[in-house]
Amino acid sequence: MMPTSPAKRPRPLSPNIQIYRPQLTSVLSIANRISGVVLSLGAVVLVIWLLAAAAGPEAYAVVQGALASWLGQVVLFGCTFAFFLHLCGGIRHLVWDMGYGYELSLIYASGWAVVAGSVALTVLAWIASLLLGD
Amino acid sequence: MDRQHMRSPLARAMGLGSAKKGVEHWWAERVLAVALIPLTLWFVASIIAQTGSDHATFITWLRMPVTTIMMVLLLVALFHHTALGPQVVIEDYRHAGSKFAALVIMRLTCFGLATAGIIAVLHIAFGG
Amino acid sequence: MMIIRSSDQVPRTTLLKRFPVPRNLGVGPESRIGRGKTWPALAGAVRVKAFEIYRYDPDSDDNPRLDTFEVDLDDCGPMVLDALIWIKNKVDPTLTFRRSCREGICGSCAMTMDGTNWLACTRFISDMAAPATVYPLANMRIIKDLVPDLTHVFAQYAMIEPWLQTRTPEPERERPQSPEERSRLDGYYECILCFCCTSGCPSHWWNGDRFLGPAALLQAYRWLADSRDEATGERLDILEDPFRLYRCHTILNCTRTCPKGLNPGKAIAEIKKMVLERRT
C-alpha cells in the first residue's frame, strides 16, 4: 500500500447507511433497539406511578388522570407496542444466542412472525383493557 | 493524525488489546431477559386487569404478598436489564469523552429509579 | 455446497430503497458525493439500461460523484461485471474496479449494488433496478472509483491469526482428522474474503476500528472449529472483548448478504457459546 503523504487530503469514505438498503434484518434490529429505549422511558413512568400510589390517593389520582388523558393513552399505546415488539424480538434473539434459527429462510420467517405477533398482541391487550375498563 | 498514520495497520487494528472480558455483561443481559419474560407478562396482564381501578383497590392489590414479591423482582430485573442495554447503545454511538459521562449518568439513574420504585412498593406493602 | 441459482438469496423487494436519512448525513467534507455527468447510449442501441456509478479520482481535487452510463444490453454480457467491463472498453477507459475470476470465487469484484453487497460477476443485470446503482463496498476508504482500501479489514483478519497453531511436535506424516471433524469446517472454510458482510454490517460502520466484523470473526471460528488446532484458549482470549466480539448485535445483514451463502452470524453465535462455556 502506498504511503499517504501528509499534504494529500484523506480518502473519501464510501457511503454506508445513506445508500444501504433497509431490510428485515437491519430494520428489526434497530426496531428492537428503539423499542428498548422507549421501554426505558416507560420504566420511568412506572416508578412515578408507584411513587404516586405510595404518596396517597390525591397524587395517585393526578397520575391516573394524566395517563387517562389523550396524550397519556398515546404514550401507553406506544409503550404497549414497544413492549410486545421487544418481547417477541428478544425471544428471537435468545433463540439465536442458543445457536438456532440462522438459516436465511428462518431469519425471515421469524422476523415476519415478530412483526405479526407484536401487532396482534398489542391489539389484543388493548381490546382486553377496553373491555375491562368499561 | 500524523502519528496515527505512521502506525502499522495491524497496530491500529490491535488498538489497546483485548479486554479478555465481555461475556459477563452479555450473559447477565440474557439471564435478565429470560427472567423478564414471565415478570413483564404478569405485570401487563395485571395492569390490564386493574384498568380503571381506584387508589384503594390498587393498594389492596399491591399489598397481596405475591404482588409485592413479583413487583420487587420486576423492578430489580427491569432496571438491571435497563442498565445493561442502553450501555451498549451509548458505547455504539458515543465515542468521545462524553461516553463516560453518559454511562455514569445512565447507570446512576437506573440505580436511583430502581431504589425509588422498590421503596414505594415496600412502603405501600408495609406502611400503615 | 451452494449453487447460485439467482443473483440473490431472497427477493430484494423492500418498502424503502434506502433509510430515510439525508444523502450526505454525517459525511465528512471529503466524502460528499456530487452529481457527475451522463454518458448517453451510442446511436442505434435498442435495449438500454442506465447505471449510476460512484466515481472518485484521487489525482484531481474533486469530490466523489455519481456518473450515469447508458449501457447497450445487446452488446453486453448478462452480469453487472460485464456491464462494467463494457463501459470500460466502450465508453470510459478510466473507470476503475477490481476483477479477476468472473465466476464468484476470487472475491475481487465485491461492491454495493442497488443497496446490498454482492459480487458484480454473479449479479444479473436483469435483477437490477432502473436505474441500477453501483457503489464501492460500503463504509470503506476509497482509492479510486469502485476500488476500496481493504488494508484495515485485512489487518483485522491478521489479528485472528488465521493459520494452524500447534504445540505437539510436527508428526512424520499428516495431522489426522476424522471425516466428522473435517465436516465441522464446512460453511466456514469457503469464505473468499470479499468483505461483503463486514461492509454491510451497521455495527462495523459505527465501531469498525474496534469491532472485528463478520468476515474476520467467521474466519476466527473456522480455526476454533478445527480439531487439529491447539490454540483454542489463546484464540478466545484475543476475541473476548466488549468491542472485538460483543459489538455483534446479531443484526444479520452479514448472513443476508454473503454471496457464497455462508453464515457469519451463526459463526459468531458459536464463538459466543464457546466463550460462555469456558466461564461456566
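This briefing walks through chain C: its confidence, one helix pair and a few salt bridges. Keep in mind that you're looking at a predicted model. Chain C has a mean pLDDT of 93, and 95% of its residues reach 70 or more. The weak spot to know about is residues 1-5 of chain C, where the pLDDT is below 50. Beyond near neighbours in sequence, that stretch has 6 contacts in the model.

**Two helices that pack together**

- Start with helix H7 (residues 232-239) and helix H9 (residues 264-277), both in chain C: they pack at an angle of about 110 degrees, and their axes are 11 Å apart.
- Angles of 65 to 115 degrees count as roughly perpendicular, so H7(C) is roughly perpendicular to H9(C).
- On the H7(C) side, the contact is made by Thr232(C), Leu236(C) and Leu239(C).
- H9(C) brings Ile271(C), Met274(C) and Val275(C) to that contact.
- Sort the residues of this contact by type and you get 5 nonpolar, 1 polar and no charged.

**Salt bridges: the overall picture**

- Side chains of opposite charge can pair when their charged atoms come close.
- Count over all chains and the structure holds 27 salt bridges.

**Glu30(C) with Arg141(C)**

- These two form a salt bridge, with their closest N and O atoms 3.2 Å apart.
- The pair ties together distant parts of the chain, 111 residues apart.
- Look for Glu30(C) in the segment before strand S1 (34-39), and for Arg141(C) in the loop between strand S6 (132-136) and strand S7 (142-144).
- Glu30(C) has 15% relative accessibility, so it counts as buried.
- Arg141(C), at 35% relative accessibility, counts as partly exposed.

**Arg235(C) with Asp229(C)**

- Here the side chains meet in a salt bridge at 2.9 Å, N to O.
- Both Arg235(C) and Asp229(C) are buried.

**Glu240(C) with Arg278(C), and the network around them**

- Glu240(C) and Arg278(C) form a salt bridge too, and their closest N and O atoms are 3.2 Å apart.
- This pair also links distant parts of the chain: Glu240(C) is in the loop between H7 and helix H8 (253-257), while Arg278(C) is in the segment after H9, 38 residues apart.
- Glu240(C) counts as buried because its relative accessibility is 0%.
- Arg278(C) has 36% relative accessibility, so it counts as partly exposed.
- Through salt bridges that share partners, Glu240(C) and Arg278(C) join one network with Asp237(C), Arg279(C) and, from chain B, Glu24(B).

Key: Residues numbered from 1 in each chain as written. Chains lettered and ligands numbered in written order. Predicted model: local features only at pLDDT ≥ 70, side-chain atom pairs only at ≥ 80, totals over all residues. Heavy atoms only, no water. pLDDT = per-residue confidence, 0-100. Contact = heavy atoms within 4.5 Å. Axes fitted to C-alpha atoms, helices over the stretch in contact; angles between N-to-C directions. Helix = DSSP H or I, 4+ residues; strand = E, 2+ residues; numbered from the N terminus. Parallel < 35°, antiparallel > 145°, perpendicular 65-115°, else oblique. Nonpolar A, V, L, I, M, F, W, Y, C, P; charged D, E, K, R; others polar. Salt bridge = Lys/Arg side-chain N within 4 Å of Asp/Glu carboxyl O. Buried < 20%, exposed > 50% of the residue type's maximum accessible area, 1.4 Å probe, protein only.
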